[in-house]
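Me: Please take a close look at one part of this predicted model, the aromatic side chains and what surrounds them. I would like one connected account rather than a list.

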Amino acid sequence: MSRRSVRTERRLFLADGPKAIEGALSVEGCVVEVFATPAALEQYAVLLGGTDVTPVDDRAMASMSDSVSPAGVVAVCRHFDAPLEHVVTASPRLLVICADVRDPGNAGTVIRTADAAGADAVVLAGQSVDPYNPKTVRATVGSLFHLPFAIAPDPATAVRAAQARGLRVLAADGAGEVDLFEADLGVPTAWLFGNEAWGLPEELAALADQRVAIPIHGRAESLNLSTAAAVCLYTSARAQRG
């Protein structure tokens, strides 16, 4: 299940490590089977209590985990993403749309940040990385299992679906016409984030209700994707929570 095509065909993926497995066990019907080394069985006895576990040796565990230092516990899990229409019809107040975000670490960090900021859902759109990629799952540190997420082939469709449900779509854009700290963020909002290297395509950014820029007060050229997402989402969370 190291290849996306295999994960997609089988609708299965690996949750590697205690945080991921703790999250997976919280989602009903997600976990298919758990494997653990004898040392991990002892170390994570509380976490794995009441769960059927297949013991394996260190060599077998190393073949299942892509981590440099495997924690010794891995679960085979079912895909559990929601359809886009289900995510937007749940009346979210804070939604994240990632368009063509391709780095697993960045995508995972954005999902983790969205969870921490109290966002209602995340949409991975276009050519974004597979959320079930082991590196993405690991980078979320369990947050993948905490909030709904959807996989959308077309970012424009995701933007229009959010707007149709009354969300104002804000494109995070360094050349945006509105300063983040002057924007009205108290209303239901969908943040649109683009690719790590080239940002948002012009035609996609043009669909947003506003383009919002994070002010740069120092000499840095820009902020990286995950940092920009954290600033935007926490600023929205503060506005919405009064």
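Reply: Phe13 is a suitable place to begin: with a relative accessibility of 0%, Phe13 counts as buried. Phe80, by comparison, counts as partly exposed at 21%, since the partly exposed class begins where the buried class, under 20%, ends. The rings of Phe80 and Phe149 form an edge-to-face pair, with centres 5.3 Å apart and 85° between the planes. This pair links distant parts of the chain, as Phe80 sits in the loop between strand 4 and helix 6 and Phe149 in strand 7 (residues 149-152), 69 residues apart. Phe149 is buried, at 3% relative accessibility.

The search of the whole structure for aromatic pairs finds eight. Another of them joins Phe13 to Phe80, and its geometry is tilted, at 6.3 Å centre to centre and 35° between the planes. Phe13 belongs to strand 1 and Phe80 to the loop between strand 4 and helix 6, so this pair ties together parts that are 67 residues apart in sequence. Phe80 therefore has a ring partner in strand 1 and a ring partner in strand 7. Ring pairs extend the group further, into a cluster made up of Phe13, Phe80, Tyr132, Phe145 and Phe149.

Phe145 leads from the cluster to the nonpolar core. The largest such core has 49 residues, and those touching the most other members are Ala15, Val73, Val96, Val122, Phe145 and Trp191. Helix 11 (residues 225-240) supplies the largest share of this core, six residues. In soluble globular proteins, nonpolar side chains tend to be buried together.

Val122 leads back to the aromatic cluster. Neighbours within four places in sequence aside, Val122 is in contact with Phe149, and also with Leu95, Val96, Ile111, Ala114, Leu147, Pro148 and Ala150. Of these, Val96 is listed with Val122 among the core residues that touch the most other members. A separate core of 25 residues lies apart from the largest one, and its members include Leu84, Val87, Ile97 and Ala208.

The charged pairs complete the account. Side chains of opposite charge can pair when their charged atoms come close. The structure holds five salt bridges. One of them joins Asp81 to Arg11, with 3.7 Å between the closest N and O atoms. Asp81 is in the loop between strand 4 (73-78) and helix 6 (84-89), while Arg11 is in the loop between helix 1 (4-10) and strand 1 (12-16), and the two are 70 residues apart. The loop that holds Asp81 is thus the one in which Phe80 lies. Arg11 is partly exposed, with a relative accessible area of 41%.

A second salt bridge, at 2.9 Å from N to O, brings together the side chains of Asp66 and Arg138. Asp66 lies in the loop between helix 5 (58-64) and strand 4, and Arg138 in helix 8 (residues 134-140), so parts 72 residues apart in sequence are tied together. Both ends count as partly exposed, Asp66 at 38% and Arg138 at 32%.

Glu202 and Arg211 meet in a further salt bridge, at 2.6 Å from N to O. Here Glu202 is partly exposed, at 48%, whereas Arg211 is buried, at 18%. Salt bridges with shared partners join these two and Asp173 into one network.

Note on methods
Residues are numbered from 1 along each chain as its sequence is written. This is a predicted model: local features need pLDDT of at least 70, side-chain atom pairs count only at pLDDT 80 or more; totals for chains, interfaces and linings use all residues. Side-chain values use heavy atoms; hydrogens and water are left out. A nonpolar core is a set of buried Ala, Val, Leu, Ile, Met, Phe, Trp, Tyr and Cys residues joined through side-chain atoms within 4.5 Å. Buried means under 20% relative accessible area, exposed over 50%, partly exposed in between (1.4 Å probe, protein chains only). Helices (H or I, at least four residues) and strands (E, at least two) are DSSP runs, numbered from the N terminus. Contact means heavy atoms within 4.5 Å. A salt bridge is a side-chain nitrogen of Lys or Arg within 4 Å of a carboxyl oxygen of Asp or Glu. Rings of Phe, Tyr and Trp (its six-membered ring) pair if their centres lie within 6.5 Å; planes under 30 degrees apart count as stacked, over 60 as edge-to-face and the rest as tilted.
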